[in-house]
Amino acid sequence: MEVLRLLYALVGYGVSNRSLCKMLINMGHEVFVSESKSLSEQEKRDLYEMRVEFEENGNTERILKADRIAVSPSVKPDHPIVSKAREKVLTDLDVVLNLRKPGFIVAVTGTNGKTTTCHMLEYVLRKFDKKVLIAGNIGNPVANVHSEQLDYLVLEISSFQLFWSKSLPIDVGVILNIEPNHLDWHPSFDHYVESKLKLFTFAEKRFAHENCRRLIDERWPNVVSFSSLKLLDKDQIEFRDQIYPLRNTFLRTHQNLQNLSAVLTVLESLGFEPNLVLEALEDFTPPQHRMQLVAVIDGVQFVDDSKSTSAAATIAALQNYQDGKVVLILTGRGKNESYDALVEQIKRKVKFVAVFGEIIDLVVPLLRASNVQFCVAESMEQAVLEAFKKSSQGDTVLLSPAAASFDLYANYAERGEHFVRVVQSLKEGV
């Protein structure tokens with residue numbers, strides 16, 4: 001049967017749309033790329049080779065001539081051109097998954113914990129000899145898996161993707177938590193909430209943390225709730241009134257007890273026994289830059305939590321520690337969110353704060369007004385050194401930035417790697 005040849009406009013040429021472009025060209029469709037920034041020489045060579053027309057350093061109304069418009073997550077809701085053709089707009093998820101569904105889809109969203117939860121699900125399913133891949137917002141575009149035959153596809157979905165998506169064939173949808181975030185992209189917290197809840201529009205089965213109940217209205221009567229697991233002692237948890245051993249020390253953090261609860265609840269609904277899931281996770285290692293112990297120097301722990309890019313994520317990180325036993329490093333670019341609740345948590349948990357980057361203007365007045373001890377640093381090197389000076393044996397120097405990395409780094413991973421190098425250098429010099 002002959003495939004209808006369509007013209008797709010790809011607005012933004014990041015990782016997802018680059019993969020989508022190649023897939024569409026291979027299928028015989030026509031593609032036009034519109035990028036608001038400059039394209040690299042390699043990107044332009046690739047587009048010429050595929051015979052794809054493009055524009056750079058700005059979007060024009062040529063976009064509107066397309067049959068369908070696939071937007072990158074960076075494209076905001078009020079984009080002056082895209083907003084004129086909302087009926088044509090979709091995401092790479094819509095395009096790929098509605099052309100061919102590669103397997104049973106478990107989709108995960110939430111303010112914090114998405115990536116770790118997706119990796120846990122994949123890890124367990126592999127242990128049970130299932131053919132499974134992760135895709136989506138996790139760094140592996142869904143176009144990369146369109147030809148795969150899978151038992152399960154684990155999909156990480158951001159609020160940006162959900163906002164623009166039209167129709168996704170999702171079997172299980174999971175919302176881990178919803179706290180203020182990305183308010184530099186979403187015009188309001190309500191807008192952000194609605195984008196997250198849109199997952200339930202697509203999902204056949206719906207799961208959400210009990211703390212989201214206040215945000216879930218009568219539209220969704222059949223949502224299965226889960227709560228954060230209770231750590232009974234250092235190596236036991238309670239799940240659905242049963243006691244299970246928890247031998248993996250990485251999973252005993254405040255954040256991972258919530259992530260693990262979601263994993264157990266979802267997999268139990270799919271027929272996997274909780275005790276076997278926990279056994280499968282015994283040697284699981286979370287992704288880097290998430291509460292990762294880097295070194296111990298003179299009895300002081302140095303922990304890399306660079307992935308915490310919002311105030312809510314840093315609040316959760318601080319809940320793992322005794323009051324007054326943390327020296328905190330804050331850095332990055334804010335997302336138009338309030339830091340009041342974070343400063344209240346800092347007052348309880350933190351003995352000293354080292355702050356650098358654009359976040360200085362946002363948090364220093366709050367720290368000063370709350371009589372929190374702090375210093376303004378010029379760099380990661382100075383922040384780590386000052387934090388170490390203020391710490392004592394048994395303390396933790398915690399990089400949990402509470403902001404995006406884009407003021408000084410390409411991404412949170414680059415920021416975390418810089419922290420690790422500085423700490424290792426400090427250890428060698430002690």
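## Packing around helix H1

In this predicted model, the buried residues of helix H1 pack against strand S1 (7-11), strand S2 (30-34), helix H2 (41-49), strand S4 (68-71) and helix H3 (92-99). The residues of H1 that are buried are Ser-16, Asn-17, Ser-19, Leu-20, Cys-21, Met-23 and Leu-24, a set in which polar names such as Ser-16 and Asn-17 stand beside Leu-20 and Leu-24.

The length of H1 can be checked against its residue count: the helix has twelve residues (15-26), which at 1.5 Å a residue should span 16 Å, and because its end C-alpha atoms lie 17 Å apart, the two values agree. After H1 comes Gly-28, a residue whose phi is positive, near 95 degrees.

## Helix H3 and its cover

Helix H3, whose residues are 92-99, is mostly covered, with six of its eight residues buried. The buried positions are Asp-92, Leu-93, Asp-94, Val-95, Val-96 and Leu-97. Among the elements that cover these buried residues are S1 and H1, together with strand S5 (89-90), strand S6 (104-109), strand S8 (152-156) and helix H5 (159-164).

## Strand S10 between S9 and S11

Strand S10 (residues 205-209) is largely enclosed by the rest of the structure, because four of its five residues are buried. Strand S9 (residues 172-175) is joined to S10 by four bridges, and these two strands run parallel; within this pairing, Lys-205 of S10 is the bridge partner of Val-172.

S10 is also joined by four bridges to strand S11 (residues 223-226), again in a parallel arrangement, and here His-209 stands opposite Phe-226 in S11.

## The six-stranded open sheet and helix H10

Further along the chain, six strands form an open sheet in the order S15-S16-S20-S17-S18-S19, and the pairing within the sheet is mixed. Its edge strands are strand S15 (292-297) and strand S19 (374-376), each of which pairs on one side only, and from one strand to the next the twist averages 15 degrees.

Inside this order, strand S16 (residues 300-304) and strand S20 (residues 396-399) run parallel and are joined by four bridges, with Gln-301 standing opposite Thr-396 in S20. Helix H10 (residues 311-318) lies across strand S17 (326-331), strand S18 (350-356) and S20, and the helix runs at about 165 degrees to S17.

Note on methods:
Residues are numbered from 1 along each chain as its sequence is written. This is a predicted model: local features need pLDDT of at least 70, side-chain atom pairs count only at pLDDT 80 or more; totals for chains, interfaces and linings use all residues. Side-chain values use heavy atoms; hydrogens and water are left out. The expected span of a helix is 1.5 Å times one less than its number of residues. Buried means under 20% relative accessible area, exposed over 50%, partly exposed in between (1.4 Å probe, protein chains only). Contact means heavy atoms within 4.5 Å. Two strands pair if DSSP finds at least two bridges between them. Axes are lines fitted to C-alpha atoms, for helices over the stretch in contact, and angles run from 0 to 180 degrees between N-to-C directions.
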